[in-house]
Amino acid sequence: MDWRSVRLLKYSAAIGLTCAAVAQAADRPLIQAMAWLDPAQHLAALTTEPRGIGAVQDQQAIAGEALFHTPTLLGGQAAKAGLSCASCHENGRDNPAFLFPNVSGKPGTADVTSSFFSSHRGNAIFDPVKIPDLTAPGKISRAANSQELEKFIRDLIVEEFNGQEPTASVLAALAYYVRSLSAGSGNDRLAVTVESQLAAVDKAVLAAKEARQSNDLKLSHLLLASARHRLGLIHERYAGKRLTRQRSAIIAASRKLGELQDMDNGAGFVEALEQWENDFRKTRTLVSEKQHLSLYDAKLLKTALAETAD
């Protein structure tokens with residue numbers, strides 16, 4: 001991995017962890033995702049999400065799911081805004097609340113040829129289309145013996161979002177995850193909780209460890225970036241003086257992962273990451289026990305959104 005890749009990974013992670021500070025500015029949203037969500041749907045979109053619908057949960061699918069939720073993967077303006085594949089496709093579904101300025105028409109649409117995101121596909125025409133549900137059959141073949149899906153994902157990253165060229169293992173994990181998606185039951189949605197985010201951190205870290213043991217540095221870097229992004233999502237919800245300890249612990253955990261991203265020694269990396277996992281148990285407890293005081297609490301979030309609107 002070249003120095004530019006490492007720099008982008010660190011930059012994107014830093015963005016995630018400054019969300020709470022940014023939220024204090026009058027011209028910035030309380031929660032970063034509010035910048036691309038329909039204001040009329042803020043509360044519902046920020047407190048619930050579609051049930052995870054991956055048909056399998058083996059290590060390849062876990063890595064693919066983590067990458068799917070990683071803004072760094074897309075690069076360019078998308079990474080700066082905090083957008084990942086999952087921003088448009090919530091857990092692989094569509095997102096009827098997605099409303100990005102000058103990119104969306106109606107909520108749930110996006111202009112995939114917008115020059116804002118891409119210097120390759122910008123066509124100077126505002127032509128937003130409905131965001132597709134990836135659990136439904138589409139025009140792209142998902143046959144395991146075909147590389148059509150891998151090519152489509154590669155072109156989306158590099159051409160639609162100006163991201164860096166993904167490695168074969170990154171593409172394989174993403175394609176495997178998309179192929180694993182199965183149709184859910186109706187509009188079943190679950191509450192967004194800190195526990196679900198902490199579980200995602202654990203999965204991304206575990207996948208990063210396995211990637212590093214296979215000497216796959218690029219994949220490992222991206223997976224740690226995914227874990228740091230998730231920590232950033234937690235950090236922005238733990239606002240206020242009562243949660244200072246929690247925010248400090250989250251920042252410390254993310255910074256340590258950033259240091260691990262720079263480690264070249266495979267054996268030393270695994271040992272250091274295992275130490276991080278042991279230390280993170282304390283952070284997990286510290287954060288979990290105060291969830292009721294955070295913006296994961298629907299009533300507190302509703303109040304905060306009302307105050308922001310005023």
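**Gln 32, Leu 206 and the nonpolar core**

Gln 32 is found in the loop between helix H2 (19-23) and helix H3 (42-47). Helices are DSSP runs of H or I with at least four residues, numbered from the N terminus. This is a predicted model, in which local features need pLDDT of at least 70, side-chain atom pairs count only at pLDDT 80 or more, and totals for chains, interfaces and linings use all residues. Residues are numbered from 1 along each chain as its sequence is written, and side-chain values use heavy atoms, leaving out hydrogens and water.

Student: Does Gln 32 count as buried or exposed, and why?

Tutor: Happy to help! Buried means under 20% relative accessible area, exposed over 50%, and partly exposed in between (1.4 Å probe, protein chains only). Because its relative accessibility is 15%, Gln 32 counts as buried.

Student: Which residue has its backbone oxygen 3.2 Å from a polar atom of the Gln 32 side chain?

Tutor: Let's look at that side chain. At 3.2 Å from one of the polar atoms in the side chain of Gln 32 lies the backbone oxygen of Ala 81.

Student: Which helix holds Leu 206, and how does this residue count by accessibility?

Tutor: Leu 206 lies in helix H10, residues 194-213. Its relative accessibility is 34%, so Leu 206 counts as partly exposed.

Student: Which helix gives the most to the largest nonpolar core?

Tutor: Such a core is a set of buried Ala, Val, Leu, Ile, Met, Phe, Trp, Tyr and Cys residues joined through side-chain atoms within 4.5 Å. The largest has 75 residues, and Leu 223, Leu 257 and Trp 276 have the most contacts inside it. With eight residues, the helix that gives the most to this core is H10.

Methods:
Helices (H or I, at least four residues) and strands (E, at least two) are DSSP runs, numbered from the N terminus. A polar contact is a pair of N or O atoms within 3.5 Å; within protein, one must be able to donate a hydrogen and the other to accept it, and residues adjacent in sequence count only if both atoms are side-chain atoms.
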